[in-house]
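Q: Please take a close look at the largest nonpolar core of this model and describe how it relates to the parts of the chain around it.

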Amino acid sequence: MKKIAFLTAGLIAVFCASVLALDAKYTKAYAEDLLKTVDKSLYPAVYKSVITMTTVRAGRNPLSNTFEVLSKGADKSLMKITAPARDKGKKILKNGDNLWMFMPDISRPIRLSANQSFMGSTFSNEDLASSGWEDNYTAEITKQKDTLILLTLKAKKNDVAYARIDMWLDDTTKIPTEMTYYGLSGKAIKKMYMSNIQKIAGIMRPIDMKMDDLIEEGSYTQVKLESMEALESLPEYTFDPTQMGR
Amino acid sequence: MKKEMIGIALRNVFKNKRRSILNMLTFAVSVSVILLGFGMIKGQFDAIYTRMIDLRTGHIKIYNKDYPAVKSTMPLDRVINDPEKVLAAIAGTPHMVAASQRIIHPGIISNSKKKMGIVINGIDMEKEKKILTAYDNVEGSLLPEDGAHVLCGKALADMLGFKPGSGLLLFSQTSGNMNNLVDADVSGVYSIGFDAMEKAEIYVPIAFARQFLDMDNKATEIIIRLENAGYVPQAKKYIQQVLAKGFPGLTVVDWKEENADLFELAKAKMGSFKVMALVFLFLSFFIIVNTMTMSVYERTAEIGTLRAIGFEKGYIMQMFILEGFFLSVLGVILGWILSAPIIYYLNVHGLVLDVMKTASSTAMPLTDVLKAINTPGDWIISGVICVISGVLGAYFPAKMAADMNVVNALKRGVR
């Protein structure tokens, strides 16, 4: 009996080691390079896109919005709501660390807090506005499962949204498939799934994203990338809060 | 003023009893409404202020100078550094019962199936017990010194199905704006009969709040309880002097400044009551104008005779004004007598409210017993206002009587 137990344990250990053992190429430098590539694989440097966002919360009617997005670099983006009709004309601008919302009924843009939920969704304003992981996080490959690798991002400083992000990605496509966001305590807060990889704006990108809220069971926000077009440039006034009413 | 004139005016008051009683009753109602209204509004707001002091604000708070302007956002970057040092420095504050440091910050609480926005209050339980009464009625236990334990309100507990010992998730952003989520449990459920607070305010040990919000040795405020509110000016002055010497970056706010929005509300409510009181006064004014005018018409011949035998215009006018004065004075006295038992009852015993049922859904905390507050000044002011309105009401008919043509008045009287 003891022998069987010992044999079973040995087999499990060998299996785990074969699954979890990392290739020699997965060094710290490789992980850091991979992080830069991931940033680029998700968004072109300058682009225009259309997305639909649907939020589901237990006991509430689903909330759906369509946005036209103009983005330049990691820190400038303008989102215009095009549907539903009641929200049409609302705009959300990110410029650096600042966020504003413009509503047609109110002439001046209102400042938003990065921590606030974005339009009642599972995403915070910061989730949508932030990219440029390489600036804020160190990367390390901590697991490997066939072509999938787990990139563990750890915050370089304590003023970023998440203390740690676990990102499963396909090493062949360099596209993330699953990301788990952790708080300072090490507890998971949100989980994002990326799927339906298609060629869009020149390269393969995930079309569908789903963010699960781990604080409220069954609540999630689904984002679908309807179209994306890489642009040469966008004028600076596009991201000027004083021009949001135009 | 001649004695005869007073005699004639008084006789006229009692001559037409029905009309005079109607006049007096309108003044009696007006004076009663003013007295009761002022008393109840003052009593209601006094009760609310007392409850706010007991449940939320204490008598005095100390903040970072930049905090009050952005208090509604509950920031963690405008704080009191080394609050223990400040507490030691203000230990000699006259008539102070207790002082305690706190951390206030918004967050989210969840039973994992449903989440709700709340305000996290990091407190020193032992000291807070001496400052606020919010912890007097707790099912389960009060907070320990440290650990992920939560004291939540009954209304919130009912909504999320919490009982002492229930597990929960607590989410917020740290001082560096990093998201944080922890497992915690309910140590106790407090009941204060004020839904708005029971739903929104949760309490955690300050040591845990510091760790959860990455706050090191900092606090967002210091709350102070005095023996009673009357000592606030003296204690505030002392603390201001202490802070000016050793902590120039801090400021003192008393309970009145802390509840400024409530004071505005009280002013608005008093304003709307004043409009109501004016309506009653106008009614009294209108009735006295009307009845006195009638009286002038009825007594045309008498006025004509008086003028014919040498009474001057001013004398006639004074006689009618005196009549209005007597009617309103008698009305005020009647009003005082009629309302005195009610006002006594409301001032001494008050209205008993079942706070847990009736007041729990209001936006402001009420007490179990709502007492009116009437000072001697209220009695005098209400009486003076009514008498002035009575005299003013009598002026126009009096002028009409005085200006009457003697021959025409006598003619009408002969007819």
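A: Contact here means heavy atoms within 4.5 Å. The model is predicted, so local features need pLDDT of at least 70, side-chain atom pairs count only at pLDDT 80 or more, and totals for chains, interfaces and linings use all residues. Residues are numbered from 1 along each chain as its sequence is written, chains are lettered from A and ligands numbered from 1 in the order in which they are written, and side-chain values use heavy atoms, with hydrogens and water left out.

The largest nonpolar core comprises 63 residues, and those with the most contacts inside it are Ile62(B), Ile90(B), Ile222(B), Ile224(B) and Phe320(B). A nonpolar core is a set of buried Ala, Val, Leu, Ile, Met, Phe, Trp, Tyr and Cys residues joined through side-chain atoms within 4.5 Å; buried means under 20% relative accessible area, exposed over 50%, and partly exposed in between (1.4 Å probe, protein chains only). Helix α2 (residues 17–57) of chain B gives the most to this core, with twelve residues; helices (H or I, at least four residues) are DSSP runs, numbered from the N terminus. Because domain 1 (3–52 + 262–414) and domain 2 (66–248) of chain B both give residues to this core, it lies between them. These domain bounds come from an automatic or database domain assignment. The centres of the two domains, taken over C-alpha atoms, are separated by 51 Å.

Leaving aside neighbours within four places in sequence, the contacts of Ile222(B) include Ile60(B), Ile62(B), Ile80(B), Val86(B), Leu87(B) and Ile90(B), together with Lys61(B) and Gln101(B).

How values were computed:
Helices (H or I, at least four residues) and strands (E, at least two) are DSSP runs, numbered from the N terminus.
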